[in-house]
Each structure stands twice: as C-alpha cells, then as structure tokens.
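Subject: Structure for your review

Dear colleague,

Please find below the structure that I am handing over to you. My notes on what was found in it follow directly after it.

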Amino acid sequence: TINRKLNGSSYAFNKPDWVEAVDTAVTEEAVLDMTPTVEYNDTNRALKVNIASKALVELPDTYSLVVCIMEDSIVGKQKAMVPGGIINDYMHRHVFRGTMNGAWGEEINTEAIAPEDVITKEYTTTLNSDYNADQCYIIAYVSNSETKEILQVVEKKIK
C-alpha cells in the first residue's frame with residue numbers, strides 16, 4: 001500500500017506500478033504540517049513526545065494520530081536461504097517496537113479543522129530497557145479515522 005490510499009477497489013499496487021504511485025504521492029500538496037518534540041532522560045529512560053499538527057487546508061473529517069517507537073540497526077539472527085539457514089549477525093533495519101497510543105492511535109478532532117488550526121498531543125512512557133535509545137526514533141502520522149488514509153508522517157530521533 002502507499003499511504004493506505006485506495007487504488008481502484010484495492011489498497012494494493014502491483015510492483016510495476018510502484019514508481020508511478022510513489023511519484024504521484026510525493027508530488028501531492030501537503031494538507032497538514034507536523035512538528036515533533038522529543039524529550040528523553042537517559043537516567044530513568046523517561047520519554048515524552050509532543051506532536052503539533054497544523055492544518056494547511058480545511059480538514060472536514062475526523063483524524064487520528066499514531067505515535068510509534070522504532071529501533072534501527074539491531075544485530076541478531078535471521079533465517080535465510082544460506083547454508084545452515086541462519087545468519088547470526090544480520091542487521092535488522094527500522095524495527096517497529098510499539099505505539100505510544102494504541103494501534104490506531106487517538107482521534108485528534110471531533111469537528112472540521114480549519115486552516116492554520118494547531119492540535120497538540122503529548123504522550124509519555126518509559127522506554128523499554130531492551131531498546132538501544134541511541135538507535136530509537138519516533139514515527140508519528142495522522143490518518144483519516146474512517147478511511148485510514150495517511151495524510152502526513154514525521155520522524156524524530158529520540159536522542
């Protein structure tokens with residue numbers, strides 16, 4: 001899928017259509033601007049994330065914000081088509097660790113959002129001690145609550 005946008009009656013794009021679909025998506029005018037602020041305390045692993053979402057046009061529907069924690073560059077085992085079937089020091093990239101506000105996030109509005117309106121949400125958690133904070137990022141995105149189409153995404157390194 002690309003931004004969870006319908007492609008006819010399906011969300012899937014065939015491999016030969018990916019380049020054109022991505023080119024179309026990246027040239028679309030942004031309807032929302034998002035600014036993430038991250039505070040992290042190494043001592044107690046407290047993580048606070050603030051996301052300010054500013055409408056650039058009128059947004060008539062209901063929208064949801066999802067805030068994810070992602071860890072990058074984790075070295076570990078990986079099944080593979082190699083002799084023995086295992087790569088012991090495989091570099092796992094962009095590993096989803098969880099969300100700060102649920103799988104579908106939280107609705108950020110109950111009525112239309114006017115241009116220039118800013119909606120701010122804050123989330124706190126304790127970063128799991130198994131995660132390498134130096135390699136962790138926040139990925140936040142706003143989607144249409146009904147269609148689930150993604151409008152905007154931001155990424156911010158925790159440290």
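Met-100 sits in the loop that connects β6 (95-99) with β7 (106-107). Please bear in mind throughout that this is a predicted model. The relative accessible area of Met-100 is 14%, under the 20% limit, and therefore the residue is classed as buried. Setting aside residues up to four places away in sequence, Met-100 touches Leu-47, Val-49, Val-67, Ile-69, Tyr-123, Thr-124, Thr-125 and Ile-138. One of these residues, Val-49, is 51 residues from Met-100 in sequence, while the C-alpha atoms of the two are 9.0 Å apart in space.

The chain as a whole

The protein chain contains 1 helix and 10 strands. Read from the N terminus, the order of its elements is α-β-β-β-β-β-β-β-β-β-β. The C-alpha trace spans about 55 × 45 × 25 Å along its principal axes. Of the 159 residues in the chain, 33% are buried. The accessible surface amounts to about 9,800 Å², and carbon and sulfur atoms hold 49% of it.

How much of the contact pattern comes from residues far apart in sequence? Among contacts with a separation of 6 or more, 62% are between residues 24 or more positions apart.

Two further buried residues

Ser-64 belongs to strand β3, which covers residues 63-71. Is Ser-64 buried or exposed? Its relative accessibility is 7%, so Ser-64 counts as buried. The side chain of Ser-64 makes a polar contact of 2.7 Å with the side chain of Ser-145. Beyond residues up to four places away in sequence, Ser-64 touches Trp-104, Glu-106, Glu-107, Ile-108, Tyr-141, Val-142, Ser-143 and Ser-145. Glu-106, one of the residues in that list, appears again below in a salt bridge with Lys-121.

Cys-136 is located in strand β9, residues 136-144. With a relative accessibility of 0%, Cys-136 also counts as buried. Apart from neighbours within four places in sequence, the residues in contact with Cys-136 are Met-70, Glu-71, Leu-127, Tyr-131, Lys-157 and Ile-158. Cys-136 and Ser-73 are 63 residues apart along the chain, and 9.3 Å separates their C-alpha atoms.

Charges and salt bridges

Side chains of opposite charge can pair when their charged atoms come close. The chain carries 15 positive and 24 negative charges, and the mean positions of the two groups lie 10 Å apart. How many salt bridges does a search of the whole structure find? The search gives 8 salt bridges. Three of them, described in turn below, join Asp-42 with Lys-159, Lys-54 with Glu-116, and Lys-121 with Glu-106.

In the salt bridge between the side chains of Asp-42 and Lys-159, the N to O distance is 3.1 Å. Asp-42 is in the loop between β1 (32-40) and β2 (46-55), whereas Lys-159 is in the segment after β10 (150-157), so this pair ties together parts that are 117 residues apart in sequence. Asp-42 is partly exposed at 47% relative accessibility, and Lys-159 is partly exposed at 41%.

Lys-54 and Glu-116 form another salt bridge, with 2.9 Å between the closest N and O atoms. This pair links distant parts of the chain, since Lys-54 is in strand β2 and Glu-116 in the loop between β7 and β8 (118-126), 62 residues apart. Lys-54 has a relative accessible area of 28% and is therefore partly exposed.

The side chains of Lys-121 and Glu-106 also meet in a salt bridge, at 3.7 Å from N to O. Lys-121 is part of strand β8 and Glu-106 of strand β7, so the pair ties together parts that are 15 residues apart in sequence. Both partners are partly exposed: the relative accessible area is 22% for Lys-121 and 29% for Glu-106. In addition, Asp-42, Asp-134 and Lys-159 are joined into one network by salt bridges that share partners.

When you open the model, I suggest taking the residues in the order used here.

Yours sincerely,
A colleague

How values were computed. Residues are numbered from 1 along each chain as its sequence is written. This is a predicted model: local features need pLDDT of at least 70, side-chain atom pairs count only at pLDDT 80 or more; totals for chains, interfaces and linings use all residues. Side-chain values use heavy atoms; hydrogens and water are left out. Helices (H or I, at least four residues) and strands (E, at least two) are DSSP runs, numbered from the N terminus. Buried means under 20% relative accessible area, exposed over 50%, partly exposed in between (1.4 Å probe, protein chains only). A polar contact is a pair of N or O atoms within 3.5 Å; within protein, one must be able to donate a hydrogen and the other to accept it, and residues adjacent in sequence count only if both atoms are side-chain atoms. Contact means heavy atoms within 4.5 Å. A salt bridge is a side-chain nitrogen of Lys or Arg within 4 Å of a carboxyl oxygen of Asp or Glu. Accessible areas come from the Shrake-Rupley method with a 1.4 Å probe; for residues, only the protein chains shown count as cover. Lys and Arg count as positive and Asp and Glu as negative; His and the chain ends are not counted. The place of a charge is taken as NZ of Lys, CZ of Arg, CG of Asp or CD of Glu.
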